Amino acid sequence: SSTWLQVSVEQVRNSAGYLVLTLYPDDPARFLKPMGSLYVVRFPARAGVTQACLFVPNPGVYGLALYH
């Protein structure tokens, strides 16, 4: 697939560590469940606004979980 999702995270408190984005399919039974995600992306945190681009398998509906 050539489908990508641009993500902007605002109000990042500091540049320590990473922001971690977990992509889930459109299936509530799999959201936040062990082995339920499609994949996990980690990118360096940047104070203020952190931006990232991540691949999605196809156009559609997905769930995202984010933590710093």
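**Exercise 1. Which backbone oxygen lies 2.8 Å from a polar atom of the side chain of T50?**

Work with the predicted model shown above.

*Solution.*
- Step 1: Find T50. Its place is strand β4.
- Step 2: Look around the polar atom of the T50 side chain. The backbone oxygen of R46 sits 2.8 Å away from it.

**Exercise 2. Decide whether T50 is buried or exposed, then list what T50 touches.**

*Solution.*
- Step 1: Take the relative accessibility of T50, which is 1%.
- Step 2: Compare it with the cut-off. Buried means under 20%, so T50 counts as buried.
- Step 3: Set aside residues up to four places away in sequence. T50 then touches V7, S8, V9, V12, L19, F43, P44 and A45.

**Exercise 3. Describe the secondary structure of the protein chain and its overall extent.**

*Solution.*
- Step 1: Count the elements. The chain has five strands and zero helices.
- Step 2: Read along the sequence. The pattern is β-β-β-β-β.
- Step 3: Draw a box along the principal axes. The C-alpha atoms fill roughly 35 × 25 × 15 Å.
- Step 4: Check which contacts link distant positions. Among contacts with a separation of 6 or more, 70% come from residues 24 or more positions apart.

**Exercise 4. Identify the residues of the largest nonpolar core and the strands that each supply at least two of them.**

*Solution.*
- Step 1: Start from a general rule. In soluble globular proteins, nonpolar side chains tend to be buried together.
- Step 2: List the members. The largest nonpolar core has eleven residues: V7, V9, V12, L19, L21, L23, F43, A45, A52, L54 and V56.
- Step 3: Assign strands. β1 (4–12), β2 (18–24) and β4 (48–55) each supply at least two core residues.
- Step 4: Zoom in on one member, L54. Beyond its neighbours within four places in sequence, L54 is in contact with T3, W4, L5, V7, L21, L23, Y39 and V41.
- Step 5: Put burial in context for the whole chain. Of its 68 residues, 28% count as buried.

**Exercise 5. Classify the exposure of L66 and find its contacts.**

*Solution.*
- Step 1: Locate L66. It belongs to strand β5, residues 63–67.
- Step 2: Read its relative accessible area, 42%. Buried is under 20% and exposed is over 50%. L66 is therefore partly exposed.
- Step 3: Leave out neighbours within four places in sequence. L66 is in contact with V9, L19, V20 and L21.
- Step 4: Compare sequence and space for L66 and R42. They are 24 residues apart in sequence, and their C-alpha atoms are 9.8 Å apart.

Notes:
Residues numbered from 1 in each chain as written. Predicted model: local features only at pLDDT ≥ 70, side-chain atom pairs only at ≥ 80, totals over all residues. Heavy atoms only, no water. Helix = DSSP H or I, 4+ residues; strand = E, 2+ residues; numbered from the N terminus. Buried < 20%, exposed > 50% of the residue type's maximum accessible area, 1.4 Å probe, protein only. Contact = heavy atoms within 4.5 Å. Core = buried A, V, L, I, M, F, W, Y, C linked by side-chain atoms within 4.5 Å. Polar contact = N/O pair within 3.5 Å; in protein donor to acceptor, adjacent residues only side chain to side chain.
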